[in-house]
Amino acid sequence: MALRSLFRRIPAVGQLEPSTYVVYVGFLLIFAAFAILLRDEGFLSASNLLNIVQETTPVTIMAIGMVFVLSAGEIDLSIGSVVAIAALVAALVMRAHSWALGVAAGLGAGVMAGLINGALVAYARLPSFLVTLATMGLLAGVARWMTNLQSVPVTDATFTALFGSGSLFGIPSLVIWTALAIFLGHYVYRETPFGARVLATGDSPHAARAAGIEVDRLRLTVLILGSTCAAVAGLLYLGRIQGARYTLGETDLLTVIAAAVVGGTRLDGGTGTVLGALVGSLLMGMLNNGLILMGLAVSEQMIVRGFIILVAIVLTLREPRRSS
Amino acid sequence: MNTTPALSLRNIHKSFGGIVAVEDLSLEVNRGEIVALVGDNGAGKSTIVKIIAGMHQPNSGEIRLAGELVHFIDPSQSQAKGVQVVYQDLALAESQPVYMNLFLGREKTKGWFGKLDRAGMIAETEVLMRELEVRVPSAKSTVRKLSGGQRQAIAIARATHWATNLVLMDEPTAALGITETSKVEDVITGLKARNLAILIVSHSLDQVFRLSDHICVLRRGKQIGVRQTNQTDKNEIVSMITGLKETA
């Protein structure tokens, strides 16, 4: 591949596996392309760029959770449904009680969903793909049933400021959420024993178990983590849209997986990066934004987006097959 | 001198469903001693290693470590008692660096937030590699990029680093060439000097005679007999393995 051989010649970069930098190169290339093509449509304006970050915050946070889940060798397909459930639960509790209790209830719903997924995967020894495929549908049904397809408005000013439209020292709260989540996620993933064990478990569950790691508990933990990230995303949607509806998060699953994988996280575990997931998520958001500014029809947007994701995945994953 | 064996197995029995894997096995391994477990494919050697390590639980029989009766239901429990295993497949996390494999499950951390002490782990790994004369490009190398002999040496280095009582080795040189095998054998002999008890499973009788003090022969899960290595010969062991001569 021309791109790869080009980068091999740069000494420091040549040492890296393409999957670790493709997302950054791709991001810059697409950014440059949009900056030139859309210079008259205001793509480069501060407000538009900030808008991209804010739009992608929920996906970014779910992608961080997904990095942990995928790295451990599992997958969580139910996150989209958890988004809706967490938002609805939070909105319903908020209507009757305080916003803080609503937030706690929303997060609690996420933890519960993760607990159910995790227990079935870790202790009933079922594959996470099938378990979460089932709970995805199940929870989506619960979300529809809860309010009989009705949406639940949220008017609490403190909540919508914290989780949506507010700002601190001029920085929008959603940008702060993104920064906080990336910092925490990156630290836990890269700098703590937990992160190292997640990677080792995804790499070789047998090796992890032989090293004395409680693999089952770890699987439970990452699935709860992934689900809780989805609940946080649900709260952020709720704050931004000022209302909960069963459709929230419905289309996010594939975007989240694409963001994590394009960012350099392997679908089969053992390798990943949180920063890559952020760039992957921003890349997805930027594509949405740029293609809309270009005035493409929804159908055209879908085709172009699918094509670009495909190219990114080919570049990322066409790397040494795992020797086993 | 302490004469309690580091490992003592009494009447161990293990079956998987209707298939008997190990039948009435009794064996002792002392500190500073290498005991070899030999037998044909399916004789139950690897099962015994996994039982001692806590990966499998025996249906009956008792396991004592330095005289203490133990019931492991998880490998982490045997590790806590100073038992380390070098598995046939090495049990290395291939995408991770050498030092992370050595410290997996017992990572060094520093500071209040449990930050991984990578520099400390790398330094300790380098010292260990020098001591055991293991040559890897760097403690930071990814395991996948290393040769079979280097991986084997890392698995053994990890076991010796953490073992305080007993090292179990399942076919430690099965995948290696001649030079690499002899290097690994040197490392194993070196472990005796550390006063560890070593139980080794091997298909190579030459190797068994080079390394071991005692040889325990299994056939289809049954213990055929235990011999002192310097008082037996290959013919006797072969006939015990194949069943040409029944001895008890």
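**Exercise 1: A salt bridge inside chain A**

Task: In this predicted model, find which residue forms a salt bridge with Arg240(A), and work out which helices the pair ties together.

Solution:
- Start at Arg240(A) and look for its partner: Glu55(A) forms the salt bridge, with the closest N and O atoms 3.9 Å apart.
- Check the cut-off: a salt bridge needs a side-chain nitrogen of Lys or Arg within 4 Å of a carboxyl oxygen of Asp or Glu, and the pair's 3.9 Å fits.
- Now place both ends. Arg240(A) sits in helix H12 (residues 215–241) of chain A, while Glu55(A) belongs to helix H4 (residues 46–71) of chain A, so the salt bridge ties together parts that are 185 residues apart in sequence.
- For the wider picture, the structure holds 18 salt bridges over all chains.

**Exercise 2: Two helices that meet H9(A)**

Task: Describe how helix H9 (residues 173–191) of chain A packs against helix H10 (residues 193–203) of chain A, and then against helix H14 (residues 274–293) of chain A.

Solution:
- Begin with what to look for: two packed helices are described by the angle between their axes and the distance between the axes.
- For H9(A) and H10(A), the angle is about 70 degrees and the axes are 5 Å apart. H9(A) is therefore roughly perpendicular to H10(A).
- Next, list the residues that touch. H9(A) brings Val188(A), Tyr189(A) and Glu191(A), and H10(A) brings Pro193(A), Phe194(A), Gly195(A), Ala196(A) and Leu199(A).
- Sort them by type: 6 are nonpolar, 1 is polar and 1 is charged.
- Turn to H14(A). Here the angle with H9(A) is about 150 degrees, and the axes are 8 Å apart.
- On the H9(A) side you will find Thr178(A), Ile182(A), Gly185(A), His186(A) and Tyr189(A); they meet Val274(A), Leu275(A) and Leu278(A) of H14(A).
- This contact has 5 nonpolar residues, 3 polar ones and no charged ones.

**Exercise 3: Where the chains meet**

Task: How many residues of chain B and of chain A are in contact, and what holds charge and polarity across the interface?

Solution:
- Count the residues: 26 of chain B are in contact with 23 of chain A.
- Add the area: about 2100 Å² is buried between the chains, with carbon and sulfur atoms giving 48%.
- Look for charged pairs. There are 3 salt bridges between chain B and chain A. Glu191(A) forms a salt bridge with Lys115(B), their closest N and O atoms being 3.2 Å apart.
- Polar contacts across the interface link 11 residue pairs.
- Finish with the chain B side. Helix H2 (75–80) and strand S8 (115–116) of chain B each give two or more residues, and H2(B) has the largest share, 3 residues.
- By type, this side divides into 11 nonpolar, 7 polar and 8 charged residues.

Notes:
Residues are numbered from 1 along each chain as its sequence is written. Chains are lettered from A and ligands numbered from 1 in the order in which they are written. This is a predicted model: local features need pLDDT of at least 70, side-chain atom pairs count only at pLDDT 80 or more; totals for chains, interfaces and linings use all residues. Side-chain values use heavy atoms; hydrogens and water are left out. Contact means heavy atoms within 4.5 Å. Buried area is the accessible area (1.4 Å probe) that two parts lose on being put together, summed over both. A polar contact is a pair of N or O atoms within 3.5 Å; within protein, one must be able to donate a hydrogen and the other to accept it, and residues adjacent in sequence count only if both atoms are side-chain atoms. Helices (H or I, at least four residues) and strands (E, at least two) are DSSP runs, numbered from the N terminus. Ala, Val, Leu, Ile, Met, Phe, Trp, Tyr, Cys and Pro count as nonpolar, Asp, Glu, Lys and Arg as charged, and the others, Gly among them, as polar. Axes are lines fitted to C-alpha atoms, for helices over the stretch in contact, and angles run from 0 to 180 degrees between N-to-C directions. Angles under 35 degrees count as roughly parallel, over 145 as roughly antiparallel, 65 to 115 as roughly perpendicular and the rest as oblique.
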